[in-house]
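Dear colleague,

Please find the structure below, handed over for your own examination. The findings follow directly after it, grouped by topic.

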Amino acid sequence: TFHNNKKFVRGHMGQFYIGDIVEEEKELKEIEKDFLRLKEDMIKKGYFRPNPLFFILSIIHVILIEAFGVFILYYFGVGWIPWIISAFVLSMAQLQAGWTQHDYGHRSVFNSTTLNRIFQDFTTTFLKGSMASWWNGRHFPHHSKPNDNDPDTPFPFPFTFMLGTKIPAEWGKNHWGRWIPFHRQHQYFFLTLPPFCLPVIFHVEQIHFAITKASWMDRFLVMTFIIRWYCLFAPFLGFWGGVKLYFFMRFIESHFFIWITQFPHISMEFDMEEYKDFPSSLVAATTSVTSNWFLDWLTGHLNHHIEHHFFPTMPRHNYPKVRGYVQEFCKKHDLKYSLKTMWSSCADIIRALKKSADIYQEAWEMSSIKQD
């Protein structure tokens, strides 16, 4: 999924050999063959060719947005109004830096894996203060099997939210998680994940990864972000003032990040063992959102999420162009292509959490009755 040079990858696959595929599963289903034909058609039509200007401007506009945030404090002073406005502008720069590093993480800009990684390190670490190795380890399993509760953890709060139908029913039946009010998860969601994901959980994971798994290069690059932030804001705000601005910026960014990254999957199906082919399982687990220039920019084209999972290495500026082809493919194979507005997709996150909470509560109560 994340390698353009298949020959290079196959040269390293021998060390992961665990056995042969059973004979009856070697033959691809018609929907899988059709999917491969669709991808070949997209390649022939040039939709896998990146537009260099788009990605150059993506990095430049992140730098310009951040520079504008610094300028606000420099020109208008450090009063609370320019301080809040600056934090909001800086959060938009960080959000867009996240979508930009996502492009390089998906190897959708260069044919060279090395060049993609170099630019991913620059955008992820120098511009954003995270680590590409950490992001890759979190994101790659998600694309291998979205909405499967084993390899894919959509929320960065494990055991704090119940998703789908199977796990809530099992946990409720066995009275697991009695110290967490899962039946209220659709309510405490607003007070936990959006405000605390990036200011708290993100940093806990970063520190743990830096200590246990990160390379010395990862640690060095993170330090360049810290030094850069200090040099930009300490002259205006002092050391602790720069720290306060940083965490308030992350607080704002966290709200945008959570809603944008969770709407494509949370309201869809989980643990889909009945789907035995890639396209069917992907469409069942994913929704796309209506498109316009602002939403495409704000979400980093993640509003074209079915297209993104169909073609992870396709440059994102081409997703609007291929939506019609994907919808036609889904119609041909009787797959429901889910397309929502941004507002309804965000509301569906809460509806899905409430549905799972009700299943958990009902299973708990029924189990208690049987025990009595």
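Among the salt bridges in this predicted model, one joins Glu-30 to Arg-37, with 2.7 Å between the closest N and O atoms. Glu-30 is partly exposed, at a relative accessible area of 49%, and Arg-37 is likewise classed as partly exposed, at 43%. This pair belongs to a wider arrangement: Glu-30, Asp-34, Arg-37 and Lys-332 are linked in a network of salt bridges. In total, the structure holds 14 salt bridges. As a general matter, side chains of opposite charge can pair when their charged atoms come close.

Two further pairs deserve a description. In one of them, the side chains of Asp-41 and Lys-45 meet with an N to O distance of 2.9 Å. Asp-41 has a relative accessibility of 27% and therefore counts as partly exposed; Lys-45, at 40%, is also partly exposed.

The other pair is formed by Glu-307 and Arg-323, whose side chains meet in a salt bridge at 3.6 Å, N to O. This pair links distant parts of the chain, since Glu-307 lies in helix 13 (residues 305–310) and Arg-323 in helix 14, with their positions 16 residues apart in the numbering. Are these two residues buried or exposed? Both Glu-307 and Arg-323 are buried.

Cavity

How many cavities of 30 Å³ or more does the structure contain? The count comes to one. The space in the largest cavity is about 60 Å³. Its lining consists of 13 residues, and those nearest the centre of the cavity are His-102, Asp-103, His-308, Arg-316 and Tyr-319. Sorted by class, the lining of the largest cavity comprises five nonpolar, six polar and two charged residues.

Surface patch

On the surface, Leu-53, Ile-56, Leu-57, Ile-60 and Leu-64 make a nonpolar patch of about 470 Å². One of these residues, Leu-53, is found in helix 4, which covers residues 52–76.

Backbone

Most residues other than glycine have a negative phi. Against that background, two residues should be brought to your attention. Arg-107, which is not a glycine, has a positive phi of about 55°. Arg-107 is placed in the loop between helix 5 (80–105) and helix 6 (113–126). With a relative accessibility of 7%, Arg-107 counts as buried, because the cut-off for that class is under 20%.

Asp-334 also has a positive phi, near 55°, and is a residue other than glycine. The loop that holds Asp-334 runs between helix 14 (319–332) and strand 2 (339–340). Is Asp-334 buried or exposed? Asp-334 is exposed, its relative accessible area being 73%.

Separations in sequence and in space

Three pairs of residues illustrate how separation along the chain and separation in space are related in this model.

Ser-356 and Phe-161 are 195 residues apart along the chain, and their C-alpha atoms are separated by 9.0 Å. Ser-356 lies in helix 15 (residues 342–371) and is buried, with a relative accessible area of 4%.

Ile-21 and Met-42 are 21 residues apart in sequence, while the C-alpha to C-alpha distance is 29 Å. Ile-21 is located in the loop between helix 1 (6–10) and helix 2 (23–26). The relative accessible area of Ile-21 is 55%, so this residue is exposed.

Asp-121 and His-308 stand 187 residues apart in sequence and 22 Å apart in space, again from C-alpha to C-alpha. Asp-121 is part of helix 6 and counts as buried, at 16% relative accessibility. His-308 has been mentioned above, as one of the residues nearest the centre of the largest cavity.

For your inspection of the model, the residues of the salt-bridge network, Glu-30, Asp-34, Arg-37 and Lys-332, may be viewed first, followed by the cavity-lining residues, including His-102 and Tyr-319, and then by the two positive-phi positions, Arg-107 and Asp-334.

With kind regards

Definitions and conventions. Residues are numbered from 1 along each chain as its sequence is written. This is a predicted model: local features need pLDDT of at least 70, side-chain atom pairs count only at pLDDT 80 or more; totals for chains, interfaces and linings use all residues. Side-chain values use heavy atoms; hydrogens and water are left out. Patches are made of residues with over 30% relative accessible area and no salt bridge: like charges are joined within 9 Å, nonpolar side chains (Val, Leu, Ile, Met, Phe, Trp, Tyr) within 5 Å. Accessible areas come from the Shrake-Rupley method with a 1.4 Å probe; for residues, only the protein chains shown count as cover. A salt bridge is a side-chain nitrogen of Lys or Arg within 4 Å of a carboxyl oxygen of Asp or Glu. Helices (H or I, at least four residues) and strands (E, at least two) are DSSP runs, numbered from the N terminus. On a 1 Å grid over the protein atoms alone, a cavity is a set of points where a 1.4 Å probe fits but cannot get out, and a pocket is an open set with protein on both sides within 12 Å along at least five of seven lines; lining residues have an atom within 4 Å of a point. Grid points are joined across faces, edges and corners, and a volume is the space filled by probe spheres set on the points. Ala, Val, Leu, Ile, Met, Phe, Trp, Tyr, Cys and Pro count as nonpolar, Asp, Glu, Lys and Arg as charged, and the others, Gly among them, as polar. Buried means under 20% relative accessible area, exposed over 50%, partly exposed in between (1.4 Å probe, protein chains only).
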